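Reader: I have just opened my first protein model, and I would like to learn how to read it. Could you take me through it step by step?

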Amino acid sequence: MAFQVPKGEEKYDYVQSKFSEIAQKYDLFNDLITQGFHRYWKNQLVGAAGLQAGDQALDICCGTGDITERLEKAVGPSGRVWGLDFSIGMLQAGRSRDPLSNRRFVQGDAMNLPIRTGSMDAVTVGFGLRNLVRLEDGLDEVLRVLKPGGRFMCLDMGKVTLPIAKDIFRLYFFHVVPKVGRLLYPGQDMFDYFPASSLEYPAQEKLSGLLKDRGFTNVSFTNYHLGSTVIHKAYKPA
Ligand SMILES: C[S@@+](CC[C@H](N)C(=O)[O-])C[C@H]1O[C@@H](n2cnc3c(N)ncnc32)[C@H](O)[C@@H]1O
C-alpha cells in the first residue's frame, strides 16, 4: 500500500522525530539522490537573495545548515545568521559540522517563529515548506519577520509537466529515492514520506499565487531540471 502522509499534529510529531533519526546521514542521502546538485541549487538560492555584508538572514527548516552556512559567507563577519529547525538531531548534526562558526542554531517551529517582527533582510528555506502542517502559517511568519523590502527565497521540489519526463521523475522519486535511503537506514519509512509529501505540495504557479495571497509582492520562480526543482523569490512590500 502507498505511504500515507500523517495529518495535523501527527504529521508534526512524525516529521520532527523522523528527521532526528536520519540526521547523521542526511547530507550523504542528499548528495546521493541529487548527484550533488542540491549544492548547486543552494548556491543559486543564496546568490539570488542579493545579500550584502552586515545583513541579517534567517534560514528556516535549516536541517544540518547547508543553506545557513552559505548565508553566513554572504553576509560576512559583520552580518548575523540564524538557522532554525525543530529537530534536535538535525541541529546537532549542523553544529558539529563547524563548531566555531558564528551562525546561531535555534530550535523552534517555523509556524511560530521566535524572531522579532521586521528584523530580517532575507529568509530562506530549502526543502522545508512541504513539511509544515499549515503552510499558510509558515508563510505568514516569514512575512512578519522580514524587514519591509526583505526577500523570501524558497527551494523545493516542483512539478514536472513535460510528458515522459514527468513519468521518469515520478519513477525516480517513488522507487529509486526510497531504496537509496534504505541502503543508509534499513527499515526506515521516512524515505517513503519524501516523495509522498511532495504530492500535497503546491505546483510552482500555485505556490506563487499563495505567496501573493499572503501579502508577498514581486513573486517569481525559476525552474531547474525540467521543473523537478524550483526556486521561488518573493518580497515583503517596502
Ligand atoms: C528536508 S529537510 C531540509 C534541510 C535543509 N534545509 C536542506 O535543504 O538540506 C527539512 C527540515 O525541515 C525541518 N522542519 C520540518 N517542519 C518544521 C517546523 N514546523 N519547524 C521547524 N523545522 C521544521 C525538519 O526537521 C528538517 O530538518
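Author: Gladly! Let's begin with a term: a residue is buried if 20 or more other C-beta atoms lie within 10 Å of its own. Keep in mind that this is a predicted model. Now take strand 4, residues 120-126: this strand is mostly covered, and 7 of its 7 residues are buried.

Reader: With which strands does strand 4 pair, and in which sense?

Author: Two strands pair if at least two bridges are found between them. Strand 1, residues 56-60, pairs with strand 4 in the parallel sense, over 4 bridges. Within that pairing, Ile60 stands opposite Val125 of strand 4. Strand 5, residues 146-157, also pairs with strand 4 in the parallel sense, over 6 bridges. Here Thr124 is opposite Met153 of strand 5.

Reader: How does the chain cross from strand 4 to strand 5?

Author: Follow the chain through helix 6, residues 135-145, and you arrive at strand 5; this β-α-β crossover is right-handed.

Reader: Let me step back to the whole chain. How many helices and strands does the chain have?

Author: There are 9 helices and 7 strands. The radius of gyration is 17 Å, close to the 18 Å that the globule rule gives for 238 residues, so the chain is as compact as a globular protein of that length. Along the principal axes, the C-alpha atoms fill a box of roughly 50 × 40 × 35 Å. Of the 238 residues, 40% are buried.

Reader: What share of the contacts joins residues 24 or more positions apart?

Author: Counting contacts with a separation of 6 or more, 69% are between residues 24 or more positions apart.

Reader: Could we try single residues? Is Leu71 buried or exposed?

Author: Count the C-beta atoms around it. Leu71 has 30 other C-beta atoms within 10 Å, so this residue is buried. Leu71 sits in helix 4. Leaving out residues up to four places away in sequence, Leu71 touches Val46, Leu51, Ala57, Asp59, Val81 and Thr124.

Reader: And why does Val5 count as partly exposed?

Author: Val5 has 18 C-beta neighbours inside 10 Å, and a residue needs 20 or more to be buried, so Val5 counts as partly exposed. Val5 lies in the segment before helix 1. Among the residues Val5 touches, not counting those up to four places away in sequence, are Lys11, Tyr193 and Glu200.

Reader: How can I set distance along the chain beside distance in space?

Author: Try two pairs that include Val5. Val5 and Asp192 are 187 residues apart along the chain, and their C-alpha atoms are separated by 9.1 Å. Leu71 and Val5 are 66 residues apart in sequence and 31 Å apart in space, C-alpha to C-alpha.

Reader: Which backbone angle should I look at in His225?

Author: Look at phi. His225 has a positive phi of about 50° although it is not a glycine. His225 lies in the loop between strand 6 (217-224) and strand 7 (229-235). Leu226 is found in that loop between strand 6 and strand 7 too, and its phi is positive as well, near 60°. His225 has 15 other C-beta atoms within 10 Å and is partly exposed; Leu226, with 14, is also partly exposed.

Reader: Last one: how many residues surround the ligand?

Author: The ligand is surrounded by 20 residues, and the closest are Cys61, Gly63, Ser87, Gly126 and Asn131. Helix 1 (8-22) and helix 4 (66-75) are the elements that give two or more residues to this shell. By class, the shell has 11 nonpolar, 6 polar and 3 charged residues.

Technical notes: Residues numbered from 1 in each chain as written. Predicted model: local features only at pLDDT ≥ 70, side-chain atom pairs only at ≥ 80, totals over all residues. Near = placed C-beta within 6 Å. Nonpolar A, V, L, I, M, F, W, Y, C, P; charged D, E, K, R; others polar. Buried ≥ 20, exposed ≤ 12 C-beta atoms within 10 Å, placed from the backbone. Contact = placed C-beta atoms within 7 Å. Right-handed = clockwise from strand over helix to strand, strands pointing away. Rg over C-alpha atoms; globule rule 2.2 N^0.38 Å.
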